[in-house]
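Here are a few exercises to work through with the model open beside you. Try each one yourself before reading the solution.

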Amino acid sequence: PKTIYLKDYQAPDYWIDETQLTFELFEDHALVHSRLALRLNADRHSENALPPLVLDGQQLELQKVVLDEQELTADAYQVDSDSLTLQPTSAQFELALTTRIEPQNNTALEGLYKSGSMFCTQCEAEGFRKITYYLDRPDVMSRFTTTVIAERERYPVLLSNGNPIASGEHEGGRHWVSWEDPFPKPAYLFALVAGDLCLLQDSFTTMSGRTIDLRIYVEPENRTQCDHAMDSLKRSMRWDEEVYGREYDLDIFMIVAVNDFNMGAMENKGLNIFNSSCVLAHQDTATDMAFQRVEAVVAHEYFHNWSGNRVTCRDWFQLSLKEGFTVFRDSEFSADMNSRTVKRIEDVTFLRANQFAEDAGPMAHPVRPDSFIEISNFYTLTVYEKGAEVVRMLHTLLGEEGFRKGTDLYFERHDGQAVTCDDFIKALEDANGADFTQFKRWYSQAGTPRLNVRSEYDAASREYRLHFSQICPPTPGQPEKQPQVIPVRMALLDRDGNEIPLQLEGKTLGNEAVVSITEAEQTLVFENVPNCPLPSLLRGFSAPVKLSYPYSRDDRVFLAKHDPDGFNRWEAAQGLAVDVLQGLVEIHRAGRPLNLDQRLVEVMRSVITDAELDAAMVAEIIRLPSEAYLIELADVADVDAIHYAREWLRRALAEALRDEMSARYQLLSAAGAGAFSAKADAMAARSLKNSLLAYLMLTGEQQVVGWCVRQFVESTNMTDRQAALVALVNSPFEQQREAALAEFAERWAEYPLVMDQWFSIQAAASQPGALDRVRKLMEHPLFTMRNPNKVRSLIGAFANQNLVNFHALDGSGYAFLADRIIELDRSNPQIASRLVTPLSRWRKFEPGRQELMKAQLARILGENPLSPDVYEVVSKSLA
Ligand code: LEU
């Protein structure tokens with residue numbers, strides 16, 4: 001496999017101004033006819049020396065090549081496994097091709113494939129080349145017209161990008177529809193759908209008064225589960241007008257839900273295609289978390305219409321240009337729709353447990369990578385989530401208004417273009433007279449910077465000094481790093497928890513300020529500070545760094561109770577819990593008995609009994625840091641000790657706070673017993689109630705088991721029902737557990753997304769014997785390795801969430817995962833490659849486990865054939 005480098009980027013030799021496609025769909029094959037209007041890229045070549053035309057194409061059967069109405073014989077072009085090459089004779093010409101493909105056999109789910117009985121496409125990043133020969137690169141933007149022809153009976157609905165312009169009947173029960181997309185786009189945004197789908201329809205009036213036809217297409221049985229997605233779409237459209245001034249541009253906007261999909265969803269122009277898990281939501285079948293995910297993903301794909309489609313990426317190294325920006329946009333949307341602080345806590349928790357681990361592992365790469373073998377491997381947490389953090393920092397540095405000026409200029413300047421991350425930054429700079437030269441290191445340097453802070457107070461001069469030092473650890477290919485710009489949102493608190501007005505080097509800054517740390521070592525001197533304060537640093541997680549300040553546990557308790565900033569109150573409580581847990585891990589490893597720090601109990605007690613505090617915040621505060629996060633924080637992680645200590649602490653807290661927890665649980669149960677509501681406060685109440693239930697179940701009291709079973713049986717929504725099931729599955733009450741699992745499976749057998757949950761709850765349950773259970777579940781009639789959601793819910797949940805069992809000392813978890821990766825690589829390399837992640841983290845563990853994990857990686861690497869996808873991740877993991 002070949003490595004591709006950003007530094008080798010060259011503009012294309014030819015442009016494609018027009019692309020006309022005709023698809024003839026049959027059960028055992030499809031014919032793709034294309035007609036391309038090509039033009040020499042005169043900036044790169046002269047008409048006197050026309051370069052050969054090299055079109056990308058894979059797994060295609062080429063049937064016909066016609067150059068300017070002349071059919072070419074086979075000696076006039078060359079075909080290999082990745083391309084079609086021919087020699088043009090003029091600077092402007094038309095090329096017509098016919099290729100034959102077999103969508104029904106496309107198990108990789110890239111290009112044109114079948115999901116159940118429908119045809120659909122997934123072209124990003126490089127799937128279009130599996131449909132027809134083309135310049136399959138994002139800087140080639142073309143106007144597409146598409147005609148789809150299929151049997152009317154089986155495929156009454158025929159969709160593609162843009163607006164429908166004509167339709168008609170053919171002989172033999174076949175029909176056709178033509179679509180025209182007036183906006184030039186790269187091939188990765190192409191989409192086609194053919195199926196027997198039903199429709200939820202609505203409309204939206206844009207800020208300029210245009211009426212947009214909104215459509216969500218799903219399989220008939222899912223028709224009642226689309227309202228939330230439609231509502232989310234309308235709110236997204238309004239939000240993008242209000243916050244970014246962006247109006248929708250076509251007359252119609254469509255979403256299609258498919259069951260077999262490698263990722264979450266895809267922003268194809270005017271025709272978004274979604275994993276059904278990111279569209280369908282009804283209280284009977286979807287949890288509150290699923291509702292929020294649908295809202296976020298619908299928004300994300302919709303926002304891409306501007307940040308991605310109207311302005312797209314020049315090359316795939318710039319992926320974060322559209323993804324980082326769009327994740328930032330969707331997370332701000334979710335923050336505006338729900339609780340801003342809680343959304344931030346969720347995002348930060350996710351980032352620290354997962355992206356930080358990626359940044360510390362063998363696949364660490366900058367937000368804008370320098371090289372890759374397989375671009376599919378770079379749809380990563382770094383490109384998406386860290387990329388969004390980078391945009392968030394720019395927003396923090398420029399402020400709301402300055403940022404908006406910058407994005408206005410960006411959209412105006414680059415509309416219809418394929419651009420780079422540098423162009424984005426340049427627009428922000430130009431609109432604000434800012435200089436982000438140093439800031440851009442966030443795009444080029446991998447790794448999570450550490451920001452160490454010390455303080456000093458001088459009572460005589462009333463000066464308070466904060467000494468900052470930053471260091472970014474080496475990552476593959478980057479042994480040394482330069483200092484980055486780290487915006488620190490902060491305040492200083494007095495002994496009552498009040499903010500002290502900030503005076504920094506002669507300037508008065510207000511009670512809260514954003515200071516930029518730009519040097520490896522830097523000291524800030526605050527003046528007129530009456531008493532030694534306690535700093536509240538990195539509020540709202542204003543930079544994706546690992547902050548360390550020598551807070552004592554008492555300081556953390558104080559901040560958890562008194563910091564006026566909600567995010568940092570949570571952060572202080574988390575920090576306390578991390579500190580307590582890390583202490584317990586050490587005590588357990590030393591073979592000494594564990595004891596409970598009462599300060600943590602008090603913090604928990606005070607929030608559980610605080611009826612004023614947002615219930616969702618309480619739920620966040622009492623949730624202990626995850627095992628994954630504790631592993632990430634450790635130099636060498638002792639998985640068993642971490643699991644033991646965390647479970648011990650959960651039980652100890654449940655016992656210590658039994659009365660408070662059960663009182664609040666019962667109050668919340670009674671209050672939630674009425675009609676279902678999907679409003680934020682109702683969701684918050686369920687979230688807290690269910691966290692409390694999980695704790696209370698650890699006491700092992702019969703009475704609590706009774707509550708749990710009752711909640712399982714009586715609840716009228718999936719959130720409560722599933723929470724009760726999780727609590728039972730993780731309990732020692734075998735009879736109740738098995739009964740609940742059986743009843744659940746029987747009741748929801750017809751609902752694939754609900755059954756995904758059923759699989760994943762069992763795969764993640766940490767009791768011994770989990771691997772046997774997972775193996776048995778693989779035999780379940782509803783399980784299939786062909787459906788990515790099923791693979792994620794069983795294999796993925798086991799390897800990523802069931803850490804004690806996955807890391808079993810005999811290596812059985814590793815061998816099992818390697819077998820699945822090898823098996824999947826033959827049908828779906830993208831999904832196989834994603835499953836490698838847990839094994840790639842071998843450096844985190846002790847030598848025994850390291851050897852076992854490496855042995856499995858080596859076994860995978862020895863497979864022949866091996867996809868470039870899996871090859872890249874495995875070989876880099878072993879390097
Ligand atoms: N662009 C998609 C997204 O919105 C990802 C794609 C690979 C399906 O995240």
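A polar contact here is a pair of N or O atoms within 3.5 Å; within protein, one must be able to donate a hydrogen and the other to accept it, and residues adjacent in sequence count only if both atoms are side-chain atoms. This is a predicted model, where local features need pLDDT of at least 70 and side-chain atom pairs count only at pLDDT 80 or more, while totals for chains, interfaces and linings use all residues. Residues are numbered from 1 along each chain as its sequence is written, and side-chain values use heavy atoms, with hydrogens and water left out.

**Exercise 1. Find which atoms of the ligand the polar side-chain atoms of H304 and K322 approach.**

Step 1: start with H304, which has a polar side-chain atom 3.3 Å from a ligand oxygen.
Step 2: go to K322, where the partner is a ligand nitrogen, 3.4 Å away.
Step 3: check the cover. The ligand alone exposes 290 Å², and the protein buries 94% of that (Shrake-Rupley method, 1.4 Å probe).
Step 4: see where the shell comes from. β20 (265–266), α2 (288–303) and α3 (319–337) each give two or more residues to it; helices (H or I, at least four residues) and strands (E, at least two) are DSSP runs, numbered from the N terminus.

**Exercise 2. Sort the shell around the ligand into nonpolar, polar and charged residues.**

Step 1: set the classes. Ala, Val, Leu, Ile, Met, Phe, Trp, Tyr, Cys and Pro are nonpolar, Asp, Glu, Lys and Arg are charged, and the others, Gly among them, are polar.
Step 2: count. You should get five nonpolar, three polar and five charged.

**Exercise 3. Decide whether L214 and Q574 are buried or exposed, then list what Q574 touches.**

Step 1: recall that buried means under 20% relative accessible area, exposed over 50%, and partly exposed in between (1.4 Å probe, protein chains only).
Step 2: L214, in strand β18 (residues 211–218), is buried because its relative accessibility is 0%.
Step 3: Q574, in helix α9 (residues 566–589), has 7%, so Q574 is buried.
Step 4: leaving out residues up to four places away in sequence, Q574 touches R623, L624 and P625, with contact meaning heavy atoms within 4.5 Å.

**Exercise 4. Why does the span of helix α23 (residues 812–827) agree with what its 16 residues should give?**

Step 1: the expected span is 1.5 Å times one less than the number of residues.
Step 2: that gives 22 Å for α23, and its end C-alpha atoms are 24 Å apart, so the two agree.
Step 3: now pick out buried residues of α23; among them are Y814, F816 and R820.
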